[in-house]
Amino acid sequence: PTATHTASPTALPTVVPDRPELQFVGDEGKKTLWVVFVLMVIASAAFAALSWRVPVNRRLYHVITTLITIIAALSYFAMATGHGVSVHTITIRHQHDHAPDTFTTIKRQVFWARYVDWTLTTPLLLLDLSLLAGLNGAHILMAVVADVIMILTGLFAAFGTENTPQKWGWYTIACIAYLVVIWHLAVNGRAQARAKSQKVASFFGSIAGFTLVIWTAYPIIWGIADGSRHLSVDGEIIAYAVLDVLAKPVFGTWLLLTHANLPETNIDLGGFWAYGLGGE
Ligand code: RET
């Protein structure tokens, strides 16, 4: 019996990797990145054009929303041209009953440009929603900081080392930060919106609900793609592309068109925003 249980390199079971060892972007992924870049440019131009039809003191949502798609366009340009990406080496441990553990390595591209984009655009999206609800400054600041923590710790998780608490530890912290964001919007935001008017409350309920569904898909995609590496790099690009188009251009169009017909959503800015405008 001892002979059969002696681990010798030749007796090791052949390791058949269940995931490809090289995970890089393909043609499908590259094409998708270019398509989304173009969509973000078109959305930016459309939002800017919409803003010219309203006086400056009613352009706050237009400015925020246009910045969101401009930043996304820049990030997609970077990714489409091969910038903002690093190769991450992942060591996978295989456990065997009667032999020492074996290891295989995977090399996978991680597009960190996304996290730069999200660090800037998700706070702006939250600002849109917070202003719509009429959230106060204290709640807005806490929601925005929790959101930035969520994205940055998500970035650390993406480059975390396997088989250490790094990866899933950071992921857990990011999820907790996400819950803080949801709490601010779902509980405080909803209460504030209700205090404004019935129409604002009902619109906020719809667009914040839409946002909640779309945003929640991101950590799920992350878990399948960057977490367990079961989604190819192209699959990941396509999944995020669909979500990004819904979260930015579709969200923005809905917000700006509704705002145009719902005067209660307007924020009285005064101060520096309208400085020099006189009575415009
Ligand atoms: C990560 C991974 C760590 C856990 C969580 C995440 C959440 C990301 C979200 C991203 C939203 C992005 C949007 C982009 C706009 O186009 C970082 C994926 C919770 C919610 C709305």
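Student: Which helices each supply at least two residues of the shell around the ligand?

Tutor: Good place to begin, and keep in mind that this is a predicted model. Several helices each give at least two residues to that shell. They are helix 4 (113-133), helix 5 (137-158), helix 6 (165-196), helix 7 (198-227) and helix 8 (233-260).

Student: Which class of residue has 14 members in the shell around the ligand?

Tutor: Let's go through the classes. The 19 residues around the ligand include Gly154, Ala174, Tyr178, Tyr218 and Pro219, which come nearest. Two residues of the shell are charged and three are polar, while the 14 are nonpolar.

Student: Where is the kink in helix 6 centred?

Tutor: Happy to help with that one. Helix 6 has 32 residues, and its first and last C-alpha atoms are 45 Å apart, close to the expected 46 Å. Even so, the helix has a kink of about 35 degrees, and its centre is Gly189.

Student: What covers the buried residues of helix 6?

Tutor: Look at which residues are buried before asking what covers them. Among them are Tyr171, Ala174, Tyr178, His184 and Gly189. Their cover includes helix 4, helix 5 and helix 7.

Student: Which residue stands opposite Gln23 in strand 3?

Tutor: Let's find the strands. Three of them form an open sheet with mixed pairing, in the order 1-3-2, and strand 1 (22-23) and strand 2 (85-94) are its edges. Strand 1 runs parallel to strand 3 (residues 102-111), joined by two bridges. Across from Gln23, in strand 3, is Arg108.

Definitions and conventions. Residues numbered from 1 in each chain as written. Predicted model: local features only at pLDDT ≥ 70, side-chain atom pairs only at ≥ 80, totals over all residues. Near = placed C-beta within 6 Å. Helix = DSSP H or I, 4+ residues; strand = E, 2+ residues; numbered from the N terminus. Nonpolar A, V, L, I, M, F, W, Y, C, P; charged D, E, K, R; others polar. Expected span 1.5 Å × (residues − 1). Bend = angle between axes of the 7 residues up to and from the residue. Buried ≥ 20, exposed ≤ 12 C-beta atoms within 10 Å, placed from the backbone. Contact = placed C-beta atoms within 7 Å. Pairing = 2+ DSSP bridges.
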